[in-house]
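Please work through the exercises below with the structure at hand, and try each task before reading its solution.

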Amino acid sequence: MSDLDQGFSPAPVATRTELRLDSITYVAGRTLLDDVSVVFPAGKVTALSGPSGSGKTTLLSIAGGLLQPTSGTAALDGQEMWTGSGDPLPEVAFVLQVYGLVPILSARENVSIALRARGTAPADADEAAEAALARFGIADLGERQVEELSGGQMQRVACARGFVVGAQVLLADEPTSELDEGNRGVVLQELREEAARGAVVVVATHDPAVVEACDLHIALDEGRVVR
Ligand SMILES: Nc1ncnc2c1ncn2[C@@H]1O[C@H](COP(=O)(O)OP(=O)(O)O)[C@@H](O)[C@H]1O
Ligand SMILES: [Mg+2]
């Protein structure tokens, strides 16, 4: 007897999750992004490289729904990233170049609030925050107020906060810029782990060693895709 005779449906075709940018232009006084079309697939780490001022942060901001493109669309499997308010979809997590940490809160609280904001109970969020800090080798800094930390330590707290939520889309803006080689390797390994669980992972960088460690590579220059 065939599967059909037993009333089975054929296996569903797996949806290939991707974050797709179509003809994105962004004008703020001058043109910062010019007709950018790229696809960031799930399960891969994509490097977004380019010199300072080439538009990496602007592109990530549009990709994650923080900024509205002047024209073109950014969408996750057809769902528009721009929600009308600058609030990203819950599927999106950022590691921001400026960290975006709350200076007077502890490292653990800074990570925990990312989960609490998504509805996780405080005790569970704190536990997950501890584990996320440990992923970046800073479990011992959990109680420390962020404003007392070094730049590299803050950057690792910002990584923990971005990674803790297990988002479908993880957008990391120069997440290793303040780190030594060993910690850069840790962050790269963790980015790979996020892709391995099926996330779309994009890392903006101008570090060739980071580009080398990624699966895919998009390069920007003066707001245009050059590879
Ligand atoms: N809101 C804005 N208004 C005007 N210019 C901006 C704005 N944001 C960024 N820029 C400029 O756009 C260019 C691209 O910036 P950015 O995306 O931050 O580049 P990158 O991250 O590659 O260094 C830079 O020249 C920057 O000064
Ligand atoms: Mg930038």
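The exercises that follow concern a predicted model, and each task is paired with a worked solution.

**Exercise 1.** Determine which side chain makes a polar contact with the side chain of aspartate 173.

*Solution.* Begin with the location: aspartate 173 lies in strand S7, which covers residues 169–173. Next, consider its charge, for aspartate 173 is buried yet has no salt bridge, and the nearest side chain of opposite charge, that of lysine 56, is 6.6 Å away. Since a salt bridge requires the nitrogen and the carboxyl oxygen to be within 4 Å, turn instead to polar partners: the side chain of threonine 57 makes a polar contact with that of aspartate 173 at 2.6 Å. Finally, leaving aside neighbours within four places in sequence, the residues in contact with aspartate 173 include Leu60, Val95 and Ala204.

**Exercise 2.** Trace the network of salt bridges that includes Arg135, and state whether glutamate 190 is buried or exposed.

*Solution.* Start from the salt bridge between arginine 135 and glutamate 190, with an N to O distance of 2.7 Å. This pair links distant parts of the chain, 55 residues apart, with glutamate 190 in helix H5 (residues 181–196) and arginine 135 in helix H3 (residues 122–135). Glutamate 190 counts as buried because its relative accessibility is 13%, whereas arginine 135, at 28%, is partly exposed. Then add the salt bridge between arginine 197 and glutamate 194, whose closest N and O atoms are 2.5 Å apart. The network thus comprises Arg135, Glu190, Glu194 and Arg197.

How values were computed
Residues numbered from 1 in each chain as written. Chains lettered and ligands numbered in written order. Predicted model: local features only at pLDDT ≥ 70, side-chain atom pairs only at ≥ 80, totals over all residues. Heavy atoms only, no water. Helix = DSSP H or I, 4+ residues; strand = E, 2+ residues; numbered from the N terminus. Buried < 20%, exposed > 50% of the residue type's maximum accessible area, 1.4 Å probe, protein only. Lys, Arg positive; Asp, Glu negative; His and termini not counted. Polar contact = N/O pair within 3.5 Å; in protein donor to acceptor, adjacent residues only side chain to side chain. Contact = heavy atoms within 4.5 Å.
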